[in-house]
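Okay, thanks for coming, everyone. I'll put the structure up and then walk you through a handful of spots in it.

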Amino acid sequence: RFHHTSTSHFCSCSKTVSDEKYQDPFQLGRKDLKNLYEDIKKELLVSAAELKEMCDYYFDGKGKAFRPMIVVLMARACNIHHNNSKEVQASQRSVAIIAEMIHTASLVHDDVIDDANSRRGKRTLNQIWGERKAVLAGDFILSAASVALARIGNTTIISVLTQVIEDLVRGEFLQLGSKENENERFAHYLEKTFKKTASLIANSCKAVSILGCPDPKVHEIAYQYGKNVGIAFQLIDDVLDFTSCADHLGKPTAADLKLGLATGPVLFACRQFPEMNAMIMRRFSKPGDVERAWKYVLQSDGVQQTTYLAQRYCHAATREIRKLRPSPEREALVHLTEMVLLRDK
């Protein structure tokens, strides 16, 4: 795949050079994420059998738990930085649980908006139970996350994490619009990417840093790391829509084009193929638009340019996290930026 070849030589220079031995983020975060999905299901205790079945559908323990893992690693890195504490506080772990609940609720709602038929390699909630019930299930997961958030009992944390929910809605509205001007269009795309994907990671990282350390500089480091990793994650997601096969990705490829969305590879390709401008403005709605746009992207350097942009965001994330005191968790968060660039699904 194209982005593999373009990142393999690039990433080797950013391998960890500290004395800390290499850490696998998933191994390191596992102890704090034990029983994560069981704990989420406890938050979703409901008497209605059908609603319970719907809520449990994506919390089947088969997800990567990427966001909760970043959150617990950040919690440990900040705790060690502040007072060399080796423990994750219960409230910090709650933030990880809440982050996964908000993320999953947003997926359920996204699938309804996009009329998607597959997610994580299986049928979507809206395909099985219908749109109305899927919307309500997403609402219910969000409300349960809000109850768990209130239980933390810290108004600052409530404020930080409710910002995520606002950003998700604003990001969805941004995605419904498009800009005529090319520069505005790219800024619009990056703002949408931040609100829909990166805000959750940035604000969850900030929340656990606030719970673990009183220093505002550390809160900003945590936020900036999460923001940059989150944007890079979505940029690679947009690349995979063009370079990965549907079976591997767990959802259809060219999905964004079919939804009328111009992502990074399309916007970069447009600079080489200006005739794509008209297609972007009509959201690839004419017969043959999707196929032509797909061809233009693959003939251009759109995939490569989007990958390079993701690398820049990952390097920014690494610069931020290296400001913390060395720890295995800090190194795992550095390594995570490389994993984001090299992922293939």
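Let's start with a quick one: is F186 buried or exposed? Buried, with a relative accessible area of 12%. And keep in mind throughout that this is a predicted model.

So, a bit more on F186. The residue is part of helix α10. If you skip its neighbours within four places in sequence, F186 is in contact with L267, F268, R271 and L309. You can also look at A262: that residue is 76 residues apart from F186 along the chain, and the two C-alpha atoms are separated by 9.5 Å.

A262 brings us to the empty space. How many cavities of 30 Å³ or more does a search of the whole structure find? The search gives 2. The largest cavity has a volume of about 200 Å³, and 16 residues line it. Nearest its centre are Q175, G177, H188, L261 and A262, so if you're rotating the model on your own laptop, aim for those. On the helix side, α9 (155-176) and α10 (182-212) each supply at least two lining residues, and α10 gives the most, with 4 residues. Sorted by class, the lining of this cavity has 6 nonpolar, 6 polar and 4 charged residues.

Now over to a pocket. The second largest pocket holds about 230 Å³ of space. There are 14 residues lining this pocket, and the closest to its centre are R30, L33, Y37, K64 and A65. Which helix supplies the largest share of the lining? That's α2, with 4 residues. Both α2 (25-33) and α3 (36-43) put in at least two residues each. By class, the pocket lining comes out at 6 nonpolar, 4 polar and 4 charged.

Stay on A65 for a second. A65 sits in the loop between α4 (49-58) and α5 (66-83). Its phi is near 55°, which is a positive value in a residue other than glycine. A65 is also buried, at 10% relative accessible area.

There's another residue like that to show you. R283, in the loop between α15 and α16, has phi near 55° too, again a positive value in a residue other than glycine. R283 counts as partly exposed, with 24% relative accessibility.

Back to A65, as it leads us to a charged residue. E100 lies in helix α6 (residues 90-114). Buried or exposed, then? E100 counts as buried, at 2% relative accessibility. Who's around it? Leaving out neighbours within four places in sequence, E100 is in contact with Y37, I40, F59, A65, R67, P68 and R120. Y37 and A65 are on that contact list, and they also turned up among the residues closest to the pocket centre.

Another buried one is P25, in helix α2, with 0% relative accessibility. Setting aside residues up to four places away in sequence, P25 touches M69, L73, A332, H335, L336 and M339.

Next, helix α16, residues 289-299. D289, V290, A293, Y296 and V297 are buried there. Looking down the axis of α16, those buried residues fall within an arc of 130°, so they line one face of the helix. For the general picture, an α-helix has 3.6 residues a turn, so residues three or four places apart point the same way. On the other side of α16 you'll find E291 and Q299 exposed. What do the buried residues of α16 pack against? They pack against α11 (216-243), α13 (255-258), α14 (264-272), α15 (276-281) and α17 (302-321).

Last stop, the cysteines. How many disulfides do we count? The count is 0. Take C205: the closest cysteine sulfur is in C78, and at 8.0 Å from the sulfur of C205 that's too far for a bond, because we ask for a pair of sulfurs within 2.5 Å. C205 is buried, with a relative accessible area of 0%. C55 counts as buried as well, at 1% relative accessibility.

That's my tour, folks. Happy to go back to any of these views.

Terms used:
Residues numbered from 1 in each chain as written. Predicted model: local features only at pLDDT ≥ 70, side-chain atom pairs only at ≥ 80, totals over all residues. Heavy atoms only, no water. Buried < 20%, exposed > 50% of the residue type's maximum accessible area, 1.4 Å probe, protein only. Arc of directions from axis to C-beta. Contact = heavy atoms within 4.5 Å. 1 Å grid on protein atoms, 1.4 Å probe; cavity = no way out; pocket = protein on both sides within 12 Å on 5 of 7 lines; lining within 4 Å. Points joined across faces, edges and corners; volume = space filled by probe spheres on them. Nonpolar A, V, L, I, M, F, W, Y, C, P; charged D, E, K, R; others polar.
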